[in-house]
Amino acid sequence: MSTYKAIKLVKRPEGSIGPELFEVEEKTVPEPAEGEFLIRQTYMSLDPAMMGWMSEDTDSYIPRVELGDVMRSSGIGEVIASRHPDFNEGDQVMGLFGWQEMVLTDGTGVNKVDKSLPPEMVLAVFALPGLTATQGLYGYGHPRAGETLVVSGAAGSVGSIVGQLAKADGLRVIGVVGTDEKADWIVNELGFDGAVNYKTDDLGAKLDELAPDGIDVYFENTGGPILDYVFERMNAHGRIVVCGLIADYTSANPRPGPNWMRIIKKRLSIQGFTMPDHWDKTKELQAKLTPYVQKGQIKYRAHVLEGLESAMSGLGLFLTGDNKGKLMVKL
């Protein structure tokens, strides 16, 4: 192979996310110089945060992707040529490789991955979803056995792990989802205590039924109307962990926040967080997560798209809710 494909961001999103925002480019396969190695990417992660990276916003936790640049993403690949002392041909590696079939690197930000672990499992559990869920839940949610936790986006890659960790720790866990199929999956497969379908249920009545003693921890992944209903039912000294607001990522008029008076009355703690602040804790977080995985307490499902160019339309699945499990592309 003398060339490979890369996908560049060429337009900012204006409500929808689709192929019109991107451009496919053919590039010449490079030769590694001394201290470099070449990776053939095999699996590429698609994450809701990408929609924020594509926006006009220049005041965010991570620099936006500039127009004309290869779209940013994390992925897994195989080293196919190396002149680097620490990386050999055949190594399985993970890093921010972007939307491209190959990447030349000096190893900065690249980590080796046990070749015995399936790439789908690595991306779904031990990569960004698992790190985010573990840091958010334990770093800011401070869950305690017997408490009630509600997680939105509960069938998603982060939310599903948050719920399973909390359930394993003895909490009552309620998941917010957008379809009956997802509700069935989180309750009957993952072991959640209940599910709220935000599209069809009477939100207030359903939360009262499933969380009669109020809510102690809310892990927010989506935003939208459910936020107000959960906020009204938070117990004293409750913790709200704000991880994502996918409902507002492409909105011209984001929803206003809830009234702060309840924060005072209930002495609530509200913490927004993003994983780039915690990359230095990667090994620590993986060590925290690993025993749950080894005990069979963390299940996952992967929604795998085929071929690099499928990413251009696949990213829009986050807005429709049609993704089932960790969304990724097999190259």
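## Helices 6 and 3, and a pocket

Reader: What do the buried residues of helix 6 pack against?

Author: This is a predicted model, and in it the contacts of helix 6 (residues 203–210) are worth a look. The buried residues of helix 6 pack against strand 9 (172–177), strand 10 (194–197) and helix 7 (226–231).

Reader: Okay, and which residues of helix 6 are those buried ones?

Author: Buried here means under 20% relative accessible area. By that cut-off, the buried residues of helix 6 are Leu203, Gly204, Leu207 and Leu210. They span an arc of only 140 degrees around the axis, so they sit on the same side of helix 6.

Reader: How many residues of helix 3 are buried?

Author: Helix 3 covers residues 128–141, and the buried ones include Pro129, Leu131, Gln135 and Tyr138. Helix 3 is largely enclosed by the rest of the structure, because the buried count is 11 of the 14 residues.

Reader: Which residue follows helix 3, and what's its phi like?

Author: Right after helix 3 comes His142. The phi of His142 is positive, near 45 degrees.

Reader: Let's talk pockets. Which residues are closest to the centre of the second largest one?

Author: The second largest pocket holds about 270 Å³ of space. Of its 16 lining residues, the closest to the centre are Leu227, Val242, Gly257, Pro258 and Ile270.

Reader: And how does the lining of the second largest pocket divide into nonpolar, polar and charged?

Author: Helix 7 and strand 12 (234–242) each give at least two residues to that lining. By residue type, the lining of the second largest pocket splits into 10 nonpolar, 3 polar and 3 charged.

Notes
Residues numbered from 1 in each chain as written. Predicted model: local features only at pLDDT ≥ 70, side-chain atom pairs only at ≥ 80, totals over all residues. Heavy atoms only, no water. Buried < 20%, exposed > 50% of the residue type's maximum accessible area, 1.4 Å probe, protein only. Helix = DSSP H or I, 4+ residues; strand = E, 2+ residues; numbered from the N terminus. Arc of directions from axis to C-beta. Contact = heavy atoms within 4.5 Å. 1 Å grid on protein atoms, 1.4 Å probe; cavity = no way out; pocket = protein on both sides within 12 Å on 5 of 7 lines; lining within 4 Å. Points joined across faces, edges and corners; volume = space filled by probe spheres on them. Nonpolar A, V, L, I, M, F, W, Y, C, P; charged D, E, K, R; others polar.
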